[in-house]
Amino acid sequence: MEIKELYKLYTQHPCITTDSRNCPEGSIFVALKGEKFDGNQFAPQALRQGCAYAIVQTLPDSIEGGEQYPVYTDKVPTDGDSKGLILVDDTLQTLKDLAREHRRQFDIPVIAITGTNGKTTTKELVKAVLSEKYNVMATEGNFNNDVGVPKTLLRLRPEHEIAVVEMGASHPGDIKTLAETAEPTCGIITNVGRAHLQGFGSFEGVVHTKGELYDYLRTREDGLVFLDADNDYLVDMITDEMWVTPYSTDPEKQYSCISGEVVAGEADSPFLKFRWRKPLMELEETGESQKWHKVQTHLVGSYNVQNLLAAVAVGINFGVDRKAICRALESYVPTNNRSQFVDTGHNHLIVDAYNANPTSMMAALENFCSIEESGSQQPSSSKMLILGDMRELGEESEKEHQQIVDVIQETGINDVWLVGSEFGKTDCPFRKFGSVDEVKAELQKSRPEGRLILVKGSNSTRLYQLPEFL
């Protein structure tokens, strides 16, 4: 069945669902199959719920009530045909092919963003900056995998002028596949770090997989990379034939870099201040002074400077006014437990409980140790850590968790709660809890008061449930 013909059917029914519990009238249900579910068995239910057609790769075992639905195998149904089942070889591949065909209908910039840490924050910052001038379609939430990216692309509409697509990976080849589906014109790799080692096999596997975005952009005449020039791993991936817009925290490092630096904030504020300026070459060409643009953000952590500079670089490239760039960055407020600062009335929290890996954990600890409470002669005295397991590290897990607790012991922070079975295996003097429920039970008996607390762990440890108890 030709994808162009199937795409014509999609244009008549421009709503795709993969959930048989959410079937808008006239939509198309794509039955996906995983290790623990088989959407093909729910195709009849989707048709009953309102879908016009269901794309399947195997026919359902039985149909309730003796319903009879036609099966289309070698021709695409038309609106005059009865609702029914469209049989294909691979429903996931069909979803990707439909998304790619839809993306090709739009001659607009598509910016792909991947990386070990910071990709969602960078995506949101880039969206905020570009929205000052353009109608932007961007990934919602973390729809960044082989299902989420196609569903994101299928949201493109004629009014959109730029698309920002987040891409996640947990195995070699993931980014290659997503890039071939989205066909981006621009790309950002935020960084490479030690995450999903169980899937990648090694840190080198992480680097290679993230680099697949550069590999794709290298094949395009219009491919543009926004490059963190401070990251040696990323710089080493760049080749002479690539178009590159670099950014850096070192104004002298790259003559043409968009540069920025952290400006120390007030003692009683953990929020990041930074300043940035245009590339020196551009300043000289226009005769402008080397003016710095100062920005007060709602982000916690100096590690976010690269994410902010990436958004600046994108904004400048697409002609967003400098004041508008600053306004967008100052207005952005993080959500979804990503570097959020929370005042509970009892304690000040830095909640970063959406994800955790050795690289992001080290960065969070370093930033947390650098924050000084107003009037405190011993900054570590009022600080507390509640850290959850870092998942999907495979054979490296025990070593990586031990390295984290070894670092903590050197910080001078003594009030440390570790949550999960992996931290439970470490050799350290800190309090250990088997689950978040045990932590909640302890907090209900004795809640800390007047503390600055970092709450960080993988999403599956559910530490995001703790702020209401703190």
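Contact means heavy atoms within 4.5 Å. Keep that cut-off in mind for the helices that lie on sheets. The model is predicted.

**Exercise 1. A mixed sheet and its helix**

Task: Find the order of the six strands in the open mixed sheet, and state which strands stand at its edges.

Solution.
Step 1. Read across the sheet. The order is 15-16-20-17-18-19, and the pairing is mixed.
Step 2. Look at the ends. Strand 15 (340-343) and strand 19 (431-433) each have a single partner strand, so one side of each is left without a neighbour in the sheet.
Step 3. Check the turn. On average, neighbouring strands here are turned by 20° against each other, direction ignored.
Step 4. Take one pair. Strand 17 (residues 383-388) and strand 20 (residues 452-456) are joined by five bridges in the parallel sense. Leu387 stands opposite Lys456 in strand 20.
Step 5. Add the helix. Helix 17 (residues 436-445) lies across strand 18 (416-419) and strand 19. Helix 17 runs at about 145° to strand 18.

**Exercise 2. A parallel sheet**

Task: Describe the open sheet of five strands, then place helix 3 on it.

Solution.
Step 1. The strand order is 1-2-3-5-4, and the pairing is parallel.
Step 2. Strand 1 (16-17) and strand 4 (71-72) stand at the edges. Each has a single partner strand, so one side of each lacks a neighbour in the sheet.
Step 3. Go inside the sheet. Four bridges join strand 3 (residues 53-56) to strand 5 (residues 84-87) in the parallel sense. Ile55 has Ile86 as its bridge partner in strand 5.
Step 4. Helix 3 (residues 91-103) packs on the sheet and touches strand 1, strand 2 (28-30) and strand 3. The direction of helix 3 makes about 120° with that of strand 3.

**Exercise 3. A strand covered on both faces**

Task: Sort the residues of strand 9 (residues 186-189) by side, and decide whether they are buried or exposed.

Solution.
Step 1. Recall the pattern. In a regular strand the side chains alternate between the two faces of the sheet.
Step 2. Sort the residues. Cys186 and Ile188 lie on one side, Gly187 and Ile189 on the other.
Step 3. Judge the cover. All four are buried, and both faces of strand 9 are covered.
Step 4. Find the partners. Strand 6 (residues 110-114) pairs with strand 9 in the parallel sense over four bridges. Thr114 stands opposite Ile189.
Step 5. Strand 10 (residues 224-228) also runs parallel to strand 9, with three bridges. There, Phe226 is the bridge partner of Ile188.

**Exercise 4. Aromatic pairs**

Task: State how many aromatic pairs there are, and describe the pair of Tyr7 and Tyr10 and that of Trp417 and Phe433.

Solution.
Step 1. The count comes to four aromatic pairs.
Step 2. Tyr7 and Tyr10 lie 5.6 Å apart, centre to centre, with 35° between the planes. Planes under 30 degrees apart count as stacked and over 60 as edge-to-face, so this pair is tilted.
Step 3. Place them in the chain. Tyr7 and Tyr10 are three residues apart in helix 1 (residues 3-12), so about one helical turn separates them. Both are buried.
Step 4. Trp417 and Phe433 also form a tilted pair, with 5.0 Å between centres and 40° between planes.
Step 5. This pair links distant parts of the chain: Trp417 is in strand 18, Phe433 in strand 19, 16 residues apart. Both are buried.

**Exercise 5. One threonine in a loop**

Task: Decide whether Thr139 is buried or exposed, and list what it touches.

Solution.
Step 1. Thr139 lies in the loop between strand 7 (136-138) and helix 5 (148-153).
Step 2. Buried means under 20% relative accessible area. Thr139 has 2%, so it counts as buried.
Step 3. Leave out residues up to four places away in sequence. Thr139 then touches Lys123, Glu124, Thr152, Arg155, Val164, Val165 and Glu166.
Step 4. Look at Glu166 again. Its backbone nitrogen lies 2.9 Å from a polar atom of the Thr139 side chain.

**Exercise 6. Positive phi**

Task: State where Glu183 and Glu392 lie, and whether each is buried or partly exposed.

Solution.
Step 1. Most residues other than glycine have a negative phi.
Step 2. Glu183 has a positive phi of about 45°. Glu392 has one of about 60°.
Step 3. Glu183 lies in the loop between helix 6 (174-182) and strand 9. At 14% relative accessibility, Glu183 is buried.
Step 4. Glu392 lies in the loop between strand 17 and helix 15 (397-409). At 42%, Glu392 is partly exposed.

Notes:
Residues are numbered from 1 along each chain as its sequence is written. This is a predicted model: local features need pLDDT of at least 70, side-chain atom pairs count only at pLDDT 80 or more; totals for chains, interfaces and linings use all residues. Side-chain values use heavy atoms; hydrogens and water are left out. Two strands pair if DSSP finds at least two bridges between them. Helices (H or I, at least four residues) and strands (E, at least two) are DSSP runs, numbered from the N terminus. Axes are lines fitted to C-alpha atoms, for helices over the stretch in contact, and angles run from 0 to 180 degrees between N-to-C directions. Rings of Phe, Tyr and Trp (its six-membered ring) pair if their centres lie within 6.5 Å; planes under 30 degrees apart count as stacked, over 60 as edge-to-face and the rest as tilted. Buried means under 20% relative accessible area, exposed over 50%, partly exposed in between (1.4 Å probe, protein chains only). A polar contact is a pair of N or O atoms within 3.5 Å; within protein, one must be able to donate a hydrogen and the other to accept it, and residues adjacent in sequence count only if both atoms are side-chain atoms.
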